[in-house]
Amino acid sequence: MTDSDTAYLTPVIDEDGAPFWEYAAQGQLRVQACASCDELRFPPRPCCPHCQSFDSTWRRMSGRGRIWSYVLPHPPLLPGYAEQAPYNAVVVELVDAPHIRLVGNVVAAADAPLNSVDPPRLRVGAPVRVAFTEAGGGVTVPRWLLER
């Protein structure tokens with residue numbers, strides 16, 4: 001079974017988060033920013049929690065981060081992931097915005113299987129960079145590659 005024909009979870013795209021996924025489809029990692037006070041926020045939402053402005057923009061990030069936390073699910077919680085075990089689920093803290101953290105997987109290449117990175121290579125603080133892949137249903141998701 002290949003990554004492309006496995007039934008993985010895909011995000012539910014709402015109005016506030018739609019631009020994030022549109023930029024991901026273009027190979028860009030962008031985070032919502034308040035157009036009034038310039039604070040970054042994730043997950044996307046209509047109102048700034050700092051100044052209560054409803055004006056926002058999307059700021060391009062470098063795509064670099066570090067592993068803030070990770071887990072190797074044992075056993076996999078969903079049947080579609082069983083053949084990929086052991087795989088990882090990571091929380092990545094963005095270098096450009098340390099208070100912004102994204103969830104994903106560390107893989108050997110954007111379209112590689114979820115189990116393509118040997119678990120002992122993972123460690124908290126390891127530098128990563130974003131890569132994008134089609135996850136099904138026309139949705140492109142960010143994944144993470146270990147930096148050398």
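## Two sheets to look for

Two strands count as paired if DSSP finds at least two bridges between them. With that in mind, let's walk through this predicted model. One open sheet has 5 strands, in the order β6-β5-β4-β7-β8, and its pairing is antiparallel. At its edges are β6 (101–104) and β8, each of which pairs on one side only. On average, neighbouring strands of this sheet are turned by 45° against each other, direction ignored.

Another open sheet is built from 3 strands in the order β2-β1-β3, again with antiparallel pairing. Here β2 (40–41) and β3 (56–60) stand at the edges with a single partner strand each, so one side of each has no neighbour in the sheet.

## Inside the 3-strand sheet

If you zoom in on strand β1 (residues 30–34), you will find that β1 and β2 pair in the antiparallel sense over 2 bridges. A handy landmark here is Ala-33, which stands opposite Leu-40 in β2.

## Strand β7 and its partners

Now back to the 5-strand sheet. Strand β4 (residues 64–71) pairs with strand β7 (residues 127–134) in the antiparallel sense, over 3 bridges. Two facing pairs help you line these strands up: Arg-64 is opposite Arg-129 in β7, and Gly-65 is opposite Val-128 in β7.

Strand β7 also pairs with β8, in the antiparallel sense and over 7 bridges. Along this pairing, Thr-133 sits opposite Val-141 in β8. The two strands, β7 and β8, form a hairpin with 5 residues between them. In the turn you can pick out Gly-136, whose phi is positive at about 105°.

## A residue in β8: Arg-143

Strand β8 covers residues 140–146, and Arg-143 is found in it. Is this arginine buried or exposed? Its relative accessible area is 5%, and the cut-off for buried is under 20%, so Arg-143 counts as buried.

Where does the side chain of Arg-143 reach? It comes to the backbone oxygen of Ala-112, at 2.6 Å. That is within the 3.5 Å used for a polar contact between N or O atoms.

Note on methods:
Residues are numbered from 1 along each chain as its sequence is written. This is a predicted model: local features need pLDDT of at least 70, side-chain atom pairs count only at pLDDT 80 or more; totals for chains, interfaces and linings use all residues. Side-chain values use heavy atoms; hydrogens and water are left out. Helices (H or I, at least four residues) and strands (E, at least two) are DSSP runs, numbered from the N terminus. Buried means under 20% relative accessible area, exposed over 50%, partly exposed in between (1.4 Å probe, protein chains only). A polar contact is a pair of N or O atoms within 3.5 Å; within protein, one must be able to donate a hydrogen and the other to accept it, and residues adjacent in sequence count only if both atoms are side-chain atoms. Axes are lines fitted to C-alpha atoms, for helices over the stretch in contact, and angles run from 0 to 180 degrees between N-to-C directions.
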